[in-house]
Amino acid sequence: MSMDDFIGGKHSVMEALRSGRSVNKIWIGENAQKHLIGPILAEAKNAGVIVQTVDKRKLDQMAGDIAHQGVVAQVAPYDYVEVEELLARAQAKGEAPFLIILDEIEDPHNLGSILRTADCAGVHGIIIPKRRSVGLTATVSKISAGAVEYVPVAKVTNLAQTIEALKEAGVWVVGADVHTDKMLYDVDFTMPLAIVIGNEGKGMGRLVKESCDFNVKLPMSGRINSLNASVAASIFMYEAVRQRSSKR
């Protein structure tokens, strides 16, 4: 059993129960605060999930480095989806596709934060590569505060090929790149769109960058010429939200 079969924290466990994901069992700490745990117990009872009370040491052991807040659940691993399902999701909502492509994001905190913002911003899905990229781990789930249950993630072998396929499907692909002249605000984000965010240190890979329809940058006036990947992703997502909401 891998570490990722365990999730911890009241938000993560609650959203896993609410979203109908298969939860095998829940462990609650002996001295867990009743007002925090009450809703989880009620939801678990509804779903027919076994709940066991254990001492805190056992929880710490199961959760590893996840801050569990006195509650840990064993769950089925996350299901990744196909890219086509992300486009179908947009179509079902009658919206122009809005996707995020992450080129080798390695920090689970960045992926968790991006999932959380993506959920708020109405993103239809996220695409990540199979190699050199963080996947849907327990830490990502915890940082996303449950958003991991609602934002589908596709895992692909070759990002550049996936970008070409998206372009053929009528999606415009915009890369976030500090070394370009075009500003974020000069692009129409109301069209079918995929935004590419590159690796925390290296940015986008060369092939991915060349596959984009255009690359744009954020205005930067500080001495330090970079923003955290999840912060940059948030600014891009909310520029799309702003443009799309004013167009309605």
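Hi everyone, let me start with one pair of atoms: the backbone oxygen of Val-187 sits 2.9 Å from a polar atom in the side chain of Gln-243. That is a polar contact, meaning a pair of N or O atoms within 3.5 Å, where within protein one must be able to donate a hydrogen and the other to accept it, and residues adjacent in sequence count only if both atoms are side-chain atoms. A polar atom of the Gln-243 side chain also lies 2.6 Å from the backbone nitrogen of Phe-189.

A word on the source: this is a predicted model, where local features need pLDDT of at least 70 and side-chain atom pairs count only at pLDDT 80 or more, while totals for chains, interfaces and linings use all residues. Residues are numbered from 1 along each chain as its sequence is written, and side-chain values use heavy atoms, leaving out hydrogens and water.

So where is Gln-243? It belongs to helix α9, residues 229-247; helices here are DSSP runs of H or I with at least four residues, strands are E runs of at least two, and both are numbered from the N terminus. Gln-243 is buried, at 11% relative accessible area (buried means under 20%, with a 1.4 Å probe and protein chains only). Beyond its neighbours within four places in sequence, Gln-243 is in contact (heavy atoms within 4.5 Å) with Val-187, Asp-188, Phe-189 and Thr-190.

Now to the sheet. Four strands make an open, mixed sheet, ordered β1-β4-β2-β3; strands pair if DSSP finds at least two bridges between them. β1 (6-8) and β3 (50-54) are at the edges with a single partner strand each, so one side of each has no neighbour in the sheet. Inside, β2 and β4 run antiparallel, joined by five bridges, and Trp-27 stands opposite Val-72 in β4. Thanks, all!

Terms used. Buried < 20%, exposed > 50% of the residue type's maximum accessible area, 1.4 Å probe, protein only.
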